[in-house]
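Student: I would like a close look at a single part of this structure, please. Choose one side-chain or backbone feature to start from, and walk me through what surrounds it.

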Amino acid sequence: ISATKKSNWPVYRVGLLWKQDEEDIYQCGGLLIDYQYVLTSADCVTSSRGPPKFVASSPTSDRVPVADVLAHPRFVQGKPYFDIALVKLQKYANPKESQPVCPWSDQLHGDRGTLQFGASILESTGLGRFKITTRLYVHSTLSGDRCIVGEAVAENDLICISRKVDLIPGVCQVDYGGPALVEIVKNEYKVRGVLSRATQGCGSNVIYTSIAPHKQWLESIIFKKLHERLIFSD
């Protein structure tokens, strides 16, 4: 893994919010995979805070209200498997400003490309509090050493890639709920999974929930809306 500073995310990454006036869009991440649906972690939407109420692409951008939250029906809080969810927006995203990212296909893409995920460098402000000082992309080759994570059970949908990185100053926080992306060719991305809280930090093994086993569940929800009237956000 190597860490590279990026001023902007290369895809339409959003943050989940529980209050309209919140500015911390890095509590839990998500990715627009359809003009009305955000892919995220089931752990993020079933916490003690309840489901998120808004999504936003930056601390100062418009807050888009959430219409519905659908965690995978087999997800159990505290367990690492089936940690995937869809957040339905009240309005469709503006296609002139944002483009959804299509899912990865093992058959079409194999193991080519570079795995990328978001992270933050945190600086201590005292009393156990931190502030974000830098946003990063952390890179890893897909052909890297695979590590073992979770139990040897059929429902294990986690993928673990073993990587080491030089120590990064400060504390590094992974963008939990955010996407594990693959750059197929320059500036062309596919989403391969959702970052798991089992990932300890930027220098640890990268663990994410693969969306491949859940393709049918995702499509059963997204394709239901094809008859709905299209109402785009500003």
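Tutor: Happily, and let us start with something that is absent: a search of the whole structure finds 0 aromatic pairs. A ring does take part in another kind of contact, though, since the charged end of arginine 49 sits over the ring of tryptophan 18, 3.6 Å from its centre. Keep in mind that this is a predicted model. For orientation, the protein chain holds 3 helices and 14 strands. Of its 234 residues, 49% count as buried.

The part I would zoom in on is strand 7. 5 of the 5 residues of strand 7 are buried, so the rest of the structure largely encloses this strand. In a regular strand, side chains alternate between the two faces of the sheet. Here Ala85, Val87 and Leu89 point one way, while Leu86 and Lys88 point the other way. Both sets are buried, Lys88 included.

Now look at the neighbours of strand 7 in the sheet. Strand 4 runs antiparallel to strand 7, and 4 bridges join the two. In that pairing, tyrosine 37 has lysine 88 of strand 7 as its bridge partner. Strand 6 also pairs with strand 7 in the antiparallel sense, over 5 bridges. There, leucine 70 is partnered by leucine 86 of strand 7.

What packs against these strands? The buried residues of helix 3 do, for they pack against strand 3, strand 4, strand 6 and strand 7. Helix 3 covers residues 215–222, and its buried residues are Trp217, Leu218, Ile221 and Ile222. Viewed down the axis of helix 3, these residues fall within an arc of 125°, so they line one face of the helix. On the other side of helix 3, you will find Lys215 and Gln216 exposed.

Helix 3 and strand 7 are well separated in numbering, and that fits a wider pattern of contacts. Among contacts between residues at least 6 apart in sequence, 66% join residues at least 24 apart.

The charged pairs add to that picture. Side chains of opposite charge can pair when their charged atoms come close. The whole structure has 3 salt bridges. In one of them, arginine 13 meets aspartate 175 at 2.7 Å, N to O. Arginine 13 belongs to strand 2 and aspartate 175 to the loop between strand 11 and strand 12, so the pair ties together parts that are 162 residues apart in sequence. Both arginine 13 and aspartate 175 are buried.

Another salt bridge joins arginine 197 to aspartate 43, with the closest N and O atoms 2.6 Å apart. This pair also links distant parts of the chain, as arginine 197 is in the loop between strand 13 and strand 14 and aspartate 43 is in helix 1, 154 residues apart. Arginine 197 is partly exposed, at a relative accessible area of 40%, whereas aspartate 43 counts as buried at 14% relative accessibility.

That leaves glutamate 188 and lysine 190, whose salt bridge has its closest N and O atoms 4.0 Å apart. Glutamate 188 is partly exposed, with a relative accessible area of 34%, and lysine 190 counts as buried at 15% relative accessibility.

To come back to where we zoomed in: strand 7 is paired with strand 4 and with strand 6, and the buried residues of helix 3 pack against it.

Notes
Residues numbered from 1 in each chain as written. Predicted model: local features only at pLDDT ≥ 70, side-chain atom pairs only at ≥ 80, totals over all residues. Heavy atoms only, no water. Buried < 20%, exposed > 50% of the residue type's maximum accessible area, 1.4 Å probe, protein only. Helix = DSSP H or I, 4+ residues; strand = E, 2+ residues; numbered from the N terminus. Arc of directions from axis to C-beta. Contact = heavy atoms within 4.5 Å. Salt bridge = Lys/Arg side-chain N within 4 Å of Asp/Glu carboxyl O. Phe/Tyr/Trp six-rings, centres within 6.5 Å; stacked < 30°, edge-to-face > 60°. Lys NZ or Arg CZ within 6 Å of the ring centre and 35° of its normal. Pairing = 2+ DSSP bridges.
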